[in-house]
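Q: Before we go through the features one by one, could you show me the model that we shall be reading together?

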Amino acid sequence: MHSNGHLAEVTEEEFTQDVLGRHATTGPRYRRLMWITGLLFVMGIAGFVLRAVTSGFDEREPWGYFAATVAFLITTAGAAPVVAVALRLVKAHWRRAMTRIAEMYAAVGVLTLLMFIPLLFLVPSAAGRRTLWFQDTDPPTLGLHSSLIIPGAPHVWVTLQIALFVLVSLALLRLSARPDMAVLRARASGRLAAWGRRMSAGWLGTQKQWTVFQVGVGALGALFFIMLIGTVTLYCIDFGMTLVPGWRDSIFAAQQSVNALQGGLATTVLTLWLVRRYGKLEKYIHMEHFWGASKILLALTLLWFYFWWSAFIIFWYGRQPAEQAVLQLLMFGPYRYVFILAFVFCFIAPFLTLLWNGVRRSTWGPPLASAFILIGILLDKTRLYVAAYSVPNDEITAHLLEKVPPTNYPDIIDLMMVVGAISGAVFVYLVVARVIPVFSMWEMTEGIRLRAVRPFLKTKMVVLGKPD
Amino acid sequence: MQERVTLTSTQINTDLLRNVLKAPLWYWLLMGFLASITLAGSIAVGFMVNKGLGITGLNRPVMWGFLITDFVFWIGISHAGVMLSAILRLSKAEWRRPATRASEVLTVFSLMIAALHPVIHSGRPWRTLYWAFPYDFSRGIFPDIRSPLIWDPAAIFTYLTGSTLFVIVALVPDLGVIRDRTTGIRHHIYSLMAMGWRGTPRQWKLQTIAGFLLSALLLPVFVSVHSIVSWDFAVQIGVEGWHATIFAPYFVIGAVFSGVSAVVTMVILMRWMFKWEAYIRAEHVDALGRLLIAIGTAWLFFFFLEFSMALYSLEDQEIALREMQVFTWPYNMLFLVFVVTGYLFPVTMWLFRGVRRNLVLMLITSLSVNVGMWLERFLIIIPSLARKSPLSFDWRSYHPSIVEITIVLSAFATVFLLLLVFAKVFPLIPLFDVKEGQTLADNVQIGRKSVPALRVEE
């Protein structure tokens with residue numbers, strides 16, 4: 001037993017048998033959870049239908065909470081695979097137990113994409129207002145046409161971006177699961193074996209296949225990262241910032257991107273804890289996984305504050321009417337309590353939790369901080385998008401928000417949609433976890449091979465292989 | 001591919017202390033050459049102080065010119081130290097070992113040089129004292145503490161103090177080694193500096209804790225320094241192009257990009273000058289190259305956001321400024337050089353493994369980044385001031401005078417000179433760190449293949 005509390009030696013065979021055994025059966029508690037989240041998801045769909053029937057798509061205000069939920073899902077579940085991508089890139093040994101747990105969130109992207117479609121009817125075209133899709137001034141200063149806007153902007157391009165993002169994340173999941181599917185094909189029975197046969201796509205584990213596989217996972221990972229940043233950037237600008245006249249915040253997209261990294265990691269850490277706790281997988285998920293993740297989580301939490309402060313201080317010092325109106329709308333006015341709570345949950349609570357080495361080096365501290373962060377992100381998206389969606393249509397082309405709209409409180413339909421969408425995401429994840437092993441078996445096996453415990457002077461040390 | 005080299009402690013001591021114990025002739029010649037440029041710079045400063053700022057190219061409304069550009073540039077270079085040393089130390093990256101000391105020392109010297117620039121730029125250096133420090137209460141002269149210009153000295157001197165401590169803490173074990181290999185007056189001086197280092201378990205423990213603590217404490221300071229420098233610009237609303245929320249992280253990431261590139265330049269020169277082929281290997285430069293791809297691309301994202309948000313504003317003045325930066329001579333030429341040398345050329349090259357492992361190409365590309373990053377600062381400062389805006393009554397361009405050019409060139413020579421002086425007194429590669437790396441190296445056998453491995457504490 002090591003000081004971090006985990007058993008050093010598990011053979012490859014023991015590990016594979018154990019994981020396959022667990023994967024072949026579904027416990028009653030798991031089924032119950034699937035039923036509950038499935039029903040809540042149906043309730044969310046009902047809420048969506050009710051909202052569409054009662055409010056239509058002419059006004060944005062009734063859809064503020066829906067837009068915030070889409071942003072929440074992109075920032076958390078959508079971003080979770082980045083944990084696998086980044087940790088593979090830096091070859092962190094402690095990643096192995098959590099890569100698949102993170103990657104499986106790719107499947108939630110399908111739900112996010114479907115939820116995004118109604119928002120297209122709510123956002124006006126780029127013409128006549130500030131958008132990211134360049135529009136020259138009148139008279140033109142660059143000698144270009146006075147209303148140069150890229151055709152289809154923003155709708156076509158943002159849809160394309162999000163669709164590609166979902167496609168890339170699914171491709172990443174599909175590819176990285178391929179060797180494990182071959183294990184299912186070879187060692188499982190019945191439908192699971194048939195599924196493995198289909199998904200392994202002729203995987204034999206030859207040297208050439210492994211080389212192509214490694215290059216593919218690396219390239220798709222890099223593409224996923226670019227797609228994630230692109231999606232967060234376009235969504236937050238085109239479906240958030242541009243809807244508020246006078247809101248010109250060049251750091252906003254970068255801030256939201258950092259928030260996505262924070263949200264993705266928090267989602268993974270919390271899921272890791274749930275899998276460990278309720279899947280009884282203490283044997284494979286150790287304190288070192290939470291410890292490694294907690295240091296990055298702490299850094300991202302500090303970055304959240306830094307980006308927020310960098311924007312705030314410029315608005316505060318600038319004191320121009322447009323800046324004051326934006327501060328009033330998003331921080332000091334109708335959404336001040338939501339902002340304060342978001343600030344507490346996104347920064348103060350996780351910071352004070354993760355500050356302590358003892359807490360970071362525990363199996364409960366990082367998940368607790370992650371839970372804080374997820375609550376904070378939901379609140380933060382609420383104050384940003386609900387506020388942005390409450391600006392009336394006829395004011396959207398102005399250069400300044402003349403009148404700050406009042407607070408848009410959620411009604412029962414909003415709550416149905418928010419709870420339903422989050423439950424839907426959990427439901428999709430639970431379904432996927434039944435068809436793809438929750439551990440990246442090839443990475444875990446590789447980890448077992450690369451690890452040894454050897455005597456060193458008067459003690460024993462862990463020796464970790466670092467291949468190129 | 002890892003190119004492990006097995007070295008004995010004696011060999012490490014001999015190789016890394018060679019220059020400290022007996023410097024070759026070329027070393028002294030190079031020192032003399034750099035000292036003469038530094039002297040020329042000092043004369044230029046003296047001349048400027050004597051004659052006044054009229055002899056520079058500064059004018060209304062371009063009140064900030066080459067010296068402030070250079071100030072921002074050297075602050076940027078100083079970010080190399082903490083970025084590499086502290087972050088890589090905290091993350092226990094193995095390839096950090098030969099580059100940590102060099103980057104820490106580069107931080108200290110570039111910060112010292114950076115801090116001199118605004119003082120020289122003021123034209124009356126002695127006056128900066130009461131602009132920055134609250135001492136003249138009797139005459140009712142107080143610095144305006146709401147101004148980032150006042151936060152600057154506080155941040156810079158905090159960073160300088162912290163970085164110096166960081167260097168000293170990491171130097172102590174090596175000073176013990178030098179102490180034991182010198183005689184006479186040098187032995188006494190090194191004994192004093194080694195502060196009784198014996199390498200006992202307790203001393204090692206304290207040294208490690210101090211290193212980790214300083215790493216963690218310096219990280220927020222390092223971020224704050226360049227953020228505050230950026231706020232010198234961004235909190236103003238009177239100058240087009242400066243009032244942007246992204247400026248703080250944009251400056252920080254730009255600084256890290258140029259700082260790490262400077263470290264690449266430096267380690268390659270160190271390898272050639274001191275024949276440290278066994279210590280600074282292609283794998284180290286390769287790792288730095290991969291890190292630079294990530295940092296450079298992050299910088300590009302911030303650059304894209306900064307530029308596109310200027311167009312997003314739909315304000316005539318803002319768009320006209322961008323038009324000036326991109327389309328008007330000579331800024332268009334500088335802009336093109338900046339984009340090509342700052343990102344397109346180096347990052348495209350680094351995508352190829354062969355380039356990352358070729359020291360000549362890495363030297364060229366790392367230098368290219370810093371040409372680009374220097375121009376970036378120039379293009380942020382000068383066109384914004386030179387353009388006619390609602391708050392300026394004049395509209396002129398800026399041409400640096402020979403005095404300013406001399407001062408800027410001598411700043412580069414001075415930093416290089418200080419590094420050489422340091423290399424004569426202290427080892428530029430930490431001996432204890434390299435030895436630790438040798439001790440922790442191991443191998444894992446997988447089938448017939450032996451995989452390089454590392455002993456780790458858990």
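The dialogue below takes up a few features of this structure in turn.

Q: What kind of model is this, and how are its parts numbered?
A: This is a predicted model, in which local features need pLDDT of at least 70 and side-chain atom pairs count only at pLDDT 80 or more, while totals for chains, interfaces and linings use all residues. Residues are numbered from 1 along each chain as its sequence is written, and chains are lettered from A and ligands numbered from 1 in the order in which they are written.

Q: How many residues does each chain bring to the contact between chain A and chain B?
A: Two residues are in contact if their C-beta atoms, placed from the backbone, lie within 7 Å. Chain B gives 39 residues and chain A gives 39 residues. Helices (H or I, at least four residues) and strands (E, at least two) are DSSP runs, numbered from the N terminus. The elements that give two or more residues to the side of chain B that touches chain A are helices H10 (201-234), H11 (247-274), H12 (282-312) and H13 (316-327), together with strands S1 (441-446) and S2 (449-456) of chain B. The largest share of that side, eight residues, comes from H12(B). For residue classes, Ala, Val, Leu, Ile, Met, Phe, Trp, Tyr, Cys and Pro count as nonpolar, Asp, Glu, Lys and Arg as charged, and the others, Gly among them, as polar. By these classes, the side of chain B that touches chain A has 26 nonpolar, six polar and seven charged residues.

Q: In what order do the strands of the open sheet stand?
A: Strands pair if DSSP finds at least two bridges between them. Here an open sheet of four strands has the order S1(A)-S2(A)-S2(B)-S1(B), with antiparallel pairing. Strand S1 (451-456) of chain A and S1 of chain B stand at the edges, each with a single partner strand, so one side of each has no neighbour in the sheet. The twist from one strand to the next averages 40°. Across the chains, four bridges join strand S2 (residues 459-465) of chain A to S2(B), and these two run antiparallel. Val462(A) has Val456(B) as its bridge partner in S2(B), and Leu464(A) has Leu454(B).

Q: At what angle do H3(A) and H10(A) cross?
A: Axes are lines fitted to C-alpha atoms, for helices over the stretch in contact, and angles run from 0 to 180 degrees between N-to-C directions. Angles under 35 degrees count as roughly parallel, over 145 as roughly antiparallel, 65 to 115 as roughly perpendicular and the rest as oblique. The axes of helix H3 (residues 64-78) and helix H10 (residues 207-238) of chain A come within 11 Å and cross at roughly 160°, which means that H3(A) is roughly antiparallel to H10(A). Ala71(A), Ile74(A) and Thr75(A) of H3(A) meet Thr231(A), Val232(A) and Tyr235(A) of H10(A), a contact with four nonpolar, two polar and no charged residues.

Q: Is Gly420(A) buried or exposed?
A: A residue is buried if 20 or more other C-beta atoms lie within 10 Å of its own, exposed if 12 or fewer, and partly exposed in between, with C-beta atoms placed from the backbone. Gly420(A), found in helix H17 (residues 412-435) of chain A, is buried because 23 other C-beta atoms lie within 10 Å. Leaving aside neighbours within four places in sequence, Gly420(A) is in contact with Leu40(A), Phe41(A), Met43(A), Gly44(A), Ile45(A) and Gly47(A). Gly420(A) and Phe48(A) are 372 residues apart in sequence, yet 9.2 Å apart in space, C-alpha to C-alpha.

Q: Which peptide bond precedes Pro61(B), and what is the phi of Lys91(A)?
A: Most residues other than glycine have a negative phi, and most peptide bonds are trans. The bond from Arg60(B) to Pro61(B) is cis, with omega near 5°, and Pro61(B) is found in the loop between helix H3 (25-51) and helix H4 (66-77) of chain B. Another cis peptide bond joins Trp329(B) and Pro330(B), with omega about 0°. Lys91(A), although not a glycine, has a positive phi of about 55°; Lys91(A) lies in the loop between helix H4 (81-89) and helix H5 (99-103) of chain A and counts as exposed, with 10 C-beta neighbours inside 10 Å.
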